[in-house]
Amino acid sequence: QEQLVESGGGLVQPGESLRLSCVASGVISSPPMMGWFRQAAGKEREFIASMTLFGHTNYADSVKGRFTVSRDNAKKTVYLQMNSLRPEDTAVYYCNAAHSVSTYTSNPYWGQGTQVTVSE
């Protein structure tokens with residue numbers, strides 16, 4: 001069974017940074033597609049960023065220029081560097097992955113989430 005485990009969330013002040021990590025296990029190789037979603041209280045889950053095995057990235061407009069997704073394929077890990085954090089970034093951040101790019105939308109698997117709180 002493939003699994004994803006996120007870490008790195010926490011409480012920070014506006015303008016500060018966090019780096020989230022997500023490690024895949026139970027997979028033969030690093031997942032072809034890995035990415036990040038977030039869900040704020042009372043809001044729907046929203047796409048944040050994704051990255052293919054070979055380096056193609058996508059970003060939501062809300063985080064473009066502030067967040068950076070990266071991967072270490074040898075470690076089967078995807079990262080989310082979060083800079084210039086704002087209170088509206090407060091959410092549970094979920095890592096997800098898929099066995100192919102084509103199944104990322106329809107059938108990803110998910111991590112348990114890690115809380116990010118941006119507050120004075």
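This passage describes the strands, core, disulfide and aromatic contacts of a predicted model. Local features are given where pLDDT is at least 70, side-chain atom pairs count only at pLDDT 80 or more, and totals for chains, interfaces and linings use all residues. Residues are numbered from 1 along each chain as its sequence is written, and side-chain values use heavy atoms, with hydrogens and water left out.

Strands are DSSP runs (E, at least two residues), numbered from the N terminus. Two strands are taken to pair if DSSP finds at least two bridges between them. Strands of a sheet pair through backbone hydrogen bonds, either parallel or antiparallel. Here, four strands form an open sheet in the order β1-β3-β8-β7. Their pairing is antiparallel. At the edges are β1 (3–7) and β7 (67–72), and each pairs on one side only. From one strand to the next, the twist averages 15 degrees (axes are lines fitted to C-alpha atoms, and angles run from 0 to 180 degrees between N-to-C directions).

Within this sheet, β1 and β3 are joined by five bridges in the antiparallel sense. Gln 3 has Ser 25 as its bridge partner in β3. Strand β3 (residues 18–25) also runs antiparallel to strand β8 (residues 77–82), with six bridges between them. One of the partners in β8 is Thr 77, which pairs with Val 23. The two faces of β1 differ in cover: Leu 4 and Glu 6 lie on the covered face, whereas Gln 3, Val 5 and Ser 7 lie on the uncovered one.

Strand β11 (114–118) has pairings of both senses. Strand β2 (residues 10–12) runs parallel to β11, with three bridges. Strand β9 runs antiparallel to β11, also with three bridges. Val 116 in β11 stands opposite Gly 10. Val 116 also stands opposite Ala 91. Side chains alternate along β11. Thr 114, Val 116 and Val 118 point to one face and are buried (under 20% relative accessible area, with a 1.4 Å probe and protein chains only; over 50% is exposed, and in between is partly exposed). Gln 115 and Thr 117 point to the other face and are not buried.

A nonpolar core is a set of buried Ala, Val, Leu, Ile, Met, Phe, Trp, Tyr and Cys residues joined through side-chain atoms within 4.5 Å. The largest such core has 27 residues. Trp 36, Leu 80 and Tyr 93 touch the most other members. At least two residues of this core come from each of β3, β4, β5, β7, β8, β9 and β11.

The model holds one disulfide (a pair of cysteine sulfur atoms within 2.5 Å). Cys 22 is joined to Cys 95, with an S to S distance of 2.1 Å. The link is left-handed, at -80 degrees about the S-S bond. Because Cys 22 lies in strand β3 and Cys 95 in strand β9, the pair ties together parts that are 73 residues apart in sequence. Cys 22 is buried, at 0% relative accessibility. Cys 95 is likewise buried, at 0%. By contrast with this link, Cys 22 and Gly 65 are 21 Å apart in space, C-alpha to C-alpha, and 43 residues apart in sequence.

Aromatic pairs were counted next. Rings of Phe, Tyr and Trp (its six-membered ring) pair if their centres lie within 6.5 Å; planes under 30 degrees apart count as stacked, over 60 as edge-to-face and the rest as tilted. The count comes to four pairs. Among them, Phe 37 and Phe 47 are edge-to-face, at 5.5 Å centre to centre and 75 degrees between the planes. This pair links distant parts of the chain, 10 residues apart: Phe 37 is in strand β4 (residues 33–39) and Phe 47 in strand β5 (residues 46–52). Phe 37 is buried, at 14% relative accessibility, whereas Phe 47 is partly exposed, at 26%.

Tyr 94 and Trp 110 also form an edge-to-face pair, at 6.5 Å centre to centre and 85 degrees between the planes. Tyr 94 is in strand β9 (residues 91–98) and Trp 110 in strand β10 (residues 109–110), 16 residues apart. Trp 110 is partly exposed, at 32% relative accessibility. Phe 37, Phe 47, Tyr 94, Tyr 104 and Trp 110 form one aromatic cluster.

Charged groups also sit over rings (NZ of Lys or CZ of Arg within 6 Å of the ring centre and within 35 degrees of the ring normal). The charged end of Arg 45 sits over the ring of Trp 110, 4.6 Å from its centre. The charged end of Arg 19 sits over the ring of Tyr 79, 4.0 Å from its centre.
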